[in-house]
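Here are a few exercises to work through with the model open in your viewer. Try each task before reading its solution.

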Amino acid sequence: DKIDIDETPNIDFGKLYEELKASEQYLIEVFFKQHPVMDTLSDKSVNTLRIITFLADDNIPRVLVSVFKSGLGKHLDNIGQGGMYTLLNEEGVVEYPFIDKYGNQHTTNPVNGRELIGFTVPDYKKVEAQVKEACLKVPQVRYIGWDVAVSPEGNAELIEGNTSTGP
């Protein structure tokens, strides 16, 4: 669950701390602000990219596939937890319907009615270039599925790297 302290101005932090400890909920973090264009798909979740890269013997990072994940009215964009995803083309444009965990195909967002086909990830080429740079930081790990958010300034915000990538 997400507790937004801005929406609860009279929150008792001592009580909240004790409740979190009692329920073994220890993660407290600032909610990431994404690019406003990304907010138009789902403003409740950070809508992320899974950019899968491979670093070949020539030491040139290559993008194998880019997946775009979006929430469906919940705080998570993960398909297993109520989100949906699709493939992006090389320019960061949605060409195919999103699918959810039930296999339903969505050409419009069922939560807000926004058209999905043709959606363009802002600053995609810049984000892709930044992810390729990250590949070179640990060249021993040659295959990585990067979870990436797009900042309001159009930069890649690396969330994590995965060796088991899903798509």
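A pocket here is an open set of grid points, on a 1 Å grid over the protein atoms alone, with protein on both sides within 12 Å along at least five of seven lines; its lining residues have an atom within 4 Å of a point. Keep in mind that this is a predicted model.

**Exercise 1.** Find which residues line the second largest pocket, and sort them by character.

*Solution.*
- Step 1: The lining consists of Val-63, Leu-64, Val-65, Ser-66, Leu-88, Asn-89, Glu-90, Tyr-124, Lys-125, Glu-128 and Lys-132.
- Step 2: Two elements, β2 (61-70) and α3 (124-135), each give two or more residues to this lining.
- Step 3: By character, the lining holds five nonpolar, two polar and four charged residues.
- Step 4: The volume of this pocket comes to about 150 Å³.

**Exercise 2.** Describe the largest nonpolar core, then follow the contacts of Leu-49.

*Solution.*
- Step 1: This core has 23 residues, and Leu-49, Phe-68 and Val-121 have the most contacts inside it.
- Step 2: β1, α3 and β6 (143-150) are the elements that give it two or more residues.
- Step 3: Its largest share, five residues, is from α3.
- Step 4: Setting aside residues up to four places away in sequence, Leu-49 touches ten partners you can pick out in the viewer: Val-67, Phe-68, Leu-88, Val-121, Tyr-124, Val-127, Trp-146, Asp-147, Val-148 and Val-150.

**Exercise 3.** Decide whether Thr-48 is buried or exposed, and find the polar partner of its side chain.

*Solution.*
- Step 1: Thr-48 sits in the loop between α2 (36-39) and β1.
- Step 2: Its relative accessible area is 4%, so Thr-48 is buried, the cut-off being under 20%.
- Step 3: The side chain of Thr-48 makes a polar contact with that of Asp-77, at 2.5 Å.
- Step 4: Beyond its neighbours within four places in sequence, Thr-48 is in contact with several residues, among them Phe-68, Val-148 and Ile-159.

**Exercise 4.** Look at the backbone of Asn-59 and of Asp-123, and say what stands out.

*Solution.*
- Step 1: Most residues other than glycine have a negative phi.
- Step 2: Asn-59 has a positive phi, near 65°, and Asp-123 has a positive phi of about 55°.
- Step 3: Asn-59 lies in the loop between β1 (49-55) and β2, while Asp-123 is in the loop between β5 (105-106) and α3.
- Step 4: Asn-59 is partly exposed, at 46% relative accessibility, and Asp-123 is partly exposed, at 37%.

How values were computed:
Residues are numbered from 1 along each chain as its sequence is written. This is a predicted model: local features need pLDDT of at least 70, side-chain atom pairs count only at pLDDT 80 or more; totals for chains, interfaces and linings use all residues. Side-chain values use heavy atoms; hydrogens and water are left out. On a 1 Å grid over the protein atoms alone, a cavity is a set of points where a 1.4 Å probe fits but cannot get out, and a pocket is an open set with protein on both sides within 12 Å along at least five of seven lines; lining residues have an atom within 4 Å of a point. Grid points are joined across faces, edges and corners, and a volume is the space filled by probe spheres set on the points. Helices (H or I, at least four residues) and strands (E, at least two) are DSSP runs, numbered from the N terminus. Ala, Val, Leu, Ile, Met, Phe, Trp, Tyr, Cys and Pro count as nonpolar, Asp, Glu, Lys and Arg as charged, and the others, Gly among them, as polar. Buried means under 20% relative accessible area, exposed over 50%, partly exposed in between (1.4 Å probe, protein chains only). A nonpolar core is a set of buried Ala, Val, Leu, Ile, Met, Phe, Trp, Tyr and Cys residues joined through side-chain atoms within 4.5 Å. Contact means heavy atoms within 4.5 Å. A polar contact is a pair of N or O atoms within 3.5 Å; within protein, one must be able to donate a hydrogen and the other to accept it, and residues adjacent in sequence count only if both atoms are side-chain atoms.
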